[in-house]
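This report walks through some local features of one protein chain, from a helix and its surroundings to the nonpolar cores and two loop residues. The sequence and the structure come next.

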Amino acid sequence: MNISRTLILFPCYQWDDFPRSLPDRQAAGLLAGWTILWHPYLLAATNQLPQWCRADQPTDQWENVLAILPTASESRLPDQIREKIITGGGRHIACYPTRREMLQHLEREGLVPTNSTTTTEGVSVEDFFALGYCYLQVQLMTRQLRYSTHLDQAVFEDQCLQAAKAFLNGEQETAKQMLQSCFDQLGQERDHFYSHDTHILEVILLAPTTLGTKLDEELARSVPLCLLANSKLIEELQSVNPGAFAIVAERLKQGTLSIIGGSHSDLPHPLLDAESIQRDLSRGLKAISDSLGYRPQVFGRYRDGVTANFPSHLKRQGFQGCLLAAWESGSYPEASQVKSAWEGNDGIAIDTLTGAVVDGANSDTFFGMGTQLGQSLDHDH
């Protein structure tokens, strides 16, 4: 099948009413369906960017069209449309829950070449998928403020197609330059409406059940990471997974990883006296320092349980900041901005982060990332 156009059927009428949240599986399928269409082979074959249309009123022109139907749109699609797609010379593909499965299906169907994830030095197919994802989120952030896009669509499309063709021809320098230009244009579009820097802190919550292969997979990634752990978990990690422990120690030296914590265990501090709290903090800091040669600068704990004069305890132990988030239960007061000074009842204060927490393992988090970033930037401003 010679593809002349690719499109996805969205469960909305226009960008303004694009869903801001979906069940995890539906969110994963919609993201997979949208980003897979930014595969460089499909871009080069169609010589145009992916398109979208309403699922309840799709186009009547289906000749050589590859149509992606996400699970979230199935209930909106009229029953006769599937037959029209086939009789009209198009191809209808139902969304798989992951992009990897989508790619494998397209390869089996002969719609993209096998082993199509081949990487040209400096540029990979994943970069094109990332571009498609960023394009979607910037469109949503723009519409959140009820503005129309200022993106020069013609220039963006031309440079994206140049990047795809250069990638397929092995011209890595050209592909890299064109892709970078596309990302820059999206960055300028975002800055036009949200002229503030965005900071996302990735925190990995350690637990006795996640010290094995799950942690190995996280540590294998090259991105900066933060581990939330008390000294008891660090000691257990050294015992059950010495390989991961060695990687943690090495990355701490390199400055690509930090530990948020400081206590020995998540004791119910409000039930303890001041001396017991200081003893718990001292023991935790000493254990981490002795085993990893690293002293945590930011305090954090998995379970809620701090006292009104906790800033003075942290200052006395040399902490520079605190991350207040009730990961498991309970709640903390919300400040007027993400970073604030937490002042105890004795007047001593410490810099504290209390930003919104989202689950990085949930597809809906990434589905609505643009909306969440927009809300956070508005709040901070």
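In this predicted model, a side-chain oxygen of N230 comes to within 3.2 Å of the backbone nitrogen of K232, at the start of helix α9. The helix itself spans residues 231-240, and its buried residues are S231, L233, I234 and L237. Viewed down the axis of α9, these buried residues fall within an arc of 155°, so they line one face of the helix. An α-helix has 3.6 residues a turn, so residues three or four places apart point the same way. The face of α9 turned away from the buried side carries the exposed residues S239 and V240. The elements that cover the buried residues of α9 include α8 (213-219), β6 (225-229), α10 (242-254), β7 (257-261) and α11 (274-292).

Helix α10 also holds R251. Which side chain of opposite charge is nearest to this buried residue, R251? It is that of E218, at 8.2 Å, and R251 has no salt bridge; a salt bridge would require a side-chain nitrogen within 4 Å of a carboxyl oxygen. The side chain of R251 does, however, reach the backbone oxygen of R221 at 2.9 Å. Leaving aside neighbours within four places in sequence, the residues in contact with R251 include E218, L219, R221, S222, V223, P224 and L225, and also T256 and L257.

The largest nonpolar core has 51 residues, of which F10, F18, W38, L66, F128, L131 and F156 touch the most other members. At least two residues of this core are supplied by each of β1 (5-10), α1 (24-36), α2 (40-46), β3 (65-69), α4 (99-108), α5 (125-144), α6 (153-168) and α7 (172-193). Helix α5 gives the largest share, eight residues. With neighbours within four places in sequence set aside, W38 is in contact with L43, L49, P50, F128, F129, L131, G132, Y135, F156 and C160. Apart from this core lies another, of 21 residues, among them L206, I234, L292 and Y294; I234 is also one of the buried residues of α9.

Two loop residues other than glycine have a positive phi, as the table sets out.

| Residue | Loop | Phi | Relative accessibility |
|---|---|---|---|
| N47 | between α2 and β2 (51-54) | near 60° | 43%, partly exposed |
| N64 | between β2 and β3 | about 55° | 26%, partly exposed |

Terms used: Residues numbered from 1 in each chain as written. Predicted model: local features only at pLDDT ≥ 70, side-chain atom pairs only at ≥ 80, totals over all residues. Heavy atoms only, no water. Buried < 20%, exposed > 50% of the residue type's maximum accessible area, 1.4 Å probe, protein only. Helix = DSSP H or I, 4+ residues; strand = E, 2+ residues; numbered from the N terminus. Arc of directions from axis to C-beta. Contact = heavy atoms within 4.5 Å. Polar contact = N/O pair within 3.5 Å; in protein donor to acceptor, adjacent residues only side chain to side chain. Lys, Arg positive; Asp, Glu negative; His and termini not counted. Core = buried A, V, L, I, M, F, W, Y, C linked by side-chain atoms within 4.5 Å.
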